[in-house]
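Reader: I am new to reading protein structures. Could you show me one and walk me through it?

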Amino acid sequence: MTSAVENPGDPEDLTTVRVDQFLAHPPAKVWRALTEPDLIAQWLMPADFRLEVGHRYTMTTLPRPNTGFFGTVAAEVLAYETGRMLSVRWTDETVADPADWTITWTLAPEGRGTRLFLVHEGFDPDDPAQMMARKIMGSGWRSHVMDALRGVVERL
């Protein structure tokens, strides 16, 4: 089964979204999809990504003004372990009080495939807009994004 499921951890932790996804492909293929700009554009957003700690880049997509998202994400590579873990910071610099999120992907070999964990941290439980973003993004990570990522990996 390749569907993404929520790994809730602490169900009261409103600061984090957790996703656990099995992909029936080796970690090297999944890693490529997570770190090659042409592939990232196919499953997430176009980006001038470079696998280098401290590299700042932008991603662009359709704005969703009704949710307070204006279509541009400023990002920075925080850390990585080749083939195993990638951690990036996301902010929306087009708003007065931008969110400051950390997204960490962890890859673990499992049988002939890869167990992919996503942890999206930094939601402010006291901010209604961030709680709406958590709900929308949590659903998006588990469905649209993981489905698109799986499709890219399958074509490699």
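Reader: How much area does the chain expose, and what share of it do carbon and sulfur atoms supply?
Author: Happy to start there! Accessible areas come from the Shrake-Rupley method with a 1.4 Å probe, and for residues only the protein chains shown count as cover. The chain exposes about 8,300 Å², and the share supplied by carbon and sulfur atoms is 53%.

Author: A word on the model before we go on. This is a predicted model, in which local features need pLDDT of at least 70, side-chain atom pairs count only at pLDDT 80 or more, and totals for chains, interfaces and linings use all residues. Residues are numbered from 1 along each chain as its sequence is written, and side-chain values use heavy atoms, with hydrogens and water left out.

Reader: Which pattern of helices and strands does the chain follow?
Author: Helices (H or I, at least four residues) and strands (E, at least two) are DSSP runs, numbered from the N terminus. The chain has three helices and seven strands. Read along the sequence, their pattern is β-β-α-α-β-β-β-β-β-α.

Reader: What percentage of the residues count as buried?
Author: Buried means under 20% relative accessible area, exposed over 50%, and partly exposed in between (1.4 Å probe, protein chains only). For the 156 residues of the chain, the buried percentage is 43%.

Reader: Which helix gives the most to the largest nonpolar core?
Author: In soluble globular proteins, nonpolar side chains tend to be buried together. A nonpolar core is a set of buried Ala, Val, Leu, Ile, Met, Phe, Trp, Tyr and Cys residues joined through side-chain atoms within 4.5 Å. The largest one here has 39 residues, and those with the most contacts inside it are Trp 43, Trp 90, Trp 105, Leu 116, Trp 141 and Leu 149. With nine residues, the top contributor to this core is helix H3 (residues 128-155).

Reader: Which residues does Trp 43 touch?
Author: Contact means heavy atoms within 4.5 Å. Leaving out residues up to four places away in sequence, Trp 43 touches Ala 33, Leu 34, Trp 105, Val 145, Ala 148, Leu 149 and Val 152.

Reader: Which residue stands opposite Trp 90?
Author: Two strands pair if DSSP finds at least two bridges between them. E5 and E6 run antiparallel and are joined by seven bridges. In this pairing, the residue opposite Trp 90 is Trp 101 in E6.

Reader: Which residue in the turn between E4 and E5 has a positive phi?
Author: Strand E4 (residues 72-81) pairs with E5 in the antiparallel sense over seven bridges. The two strands form a hairpin with three residues between them, and the one in the turn with a positive phi of about 80 degrees is Gly 83.

Reader: Is Ser 87 buried or exposed, and what does its side chain make a polar contact with?
Author: Ser 87 is found in strand E5, where six of the seven residues are buried. Ser 87 has 9% relative accessibility, so it counts as buried. A polar contact is a pair of N or O atoms within 3.5 Å; within protein, one must be able to donate a hydrogen and the other to accept it, and residues adjacent in sequence count only if both atoms are side-chain atoms. At 3.1 Å, the partner of the Ser 87 side chain is the side chain of Thr 104.

Reader: How many residues apart in sequence are Arg 89 and Asp 100, the parts tied together by a salt bridge?
Author: A salt bridge is a side-chain nitrogen of Lys or Arg within 4 Å of a carboxyl oxygen of Asp or Glu. Arg 89 forms one with Asp 100, their closest N and O atoms being 3.1 Å apart. Because Arg 89 lies in strand E5 (residues 85-91) and Asp 100 in strand E6 (residues 100-110), the pair ties together parts whose separation is eleven residues.

Reader: Which residues are linked with Arg 89 in a network of salt bridges?
Author: A search of the whole structure finds nine salt bridges. Some of them form a network in which Arg 89 is linked with Arg 56, Glu 76 and Asp 100.

Reader: How far apart in the chain are Asp 20 and Arg 115?
Author: These two form a salt bridge, with the closest N and O atoms 2.7 Å apart. Asp 20 is in strand E2 (residues 16-23) and Arg 115 in strand E7 (residues 113-121), so distant parts of the chain are linked, and the separation is 95 residues.

Reader: Why is E7 largely enclosed by the rest of the structure?
Author: E7 pairs with E2 in the antiparallel sense over eight bridges, and nine bridges join E7 to E6, also antiparallel. E7 is largely enclosed because the buried count among its nine residues is seven.
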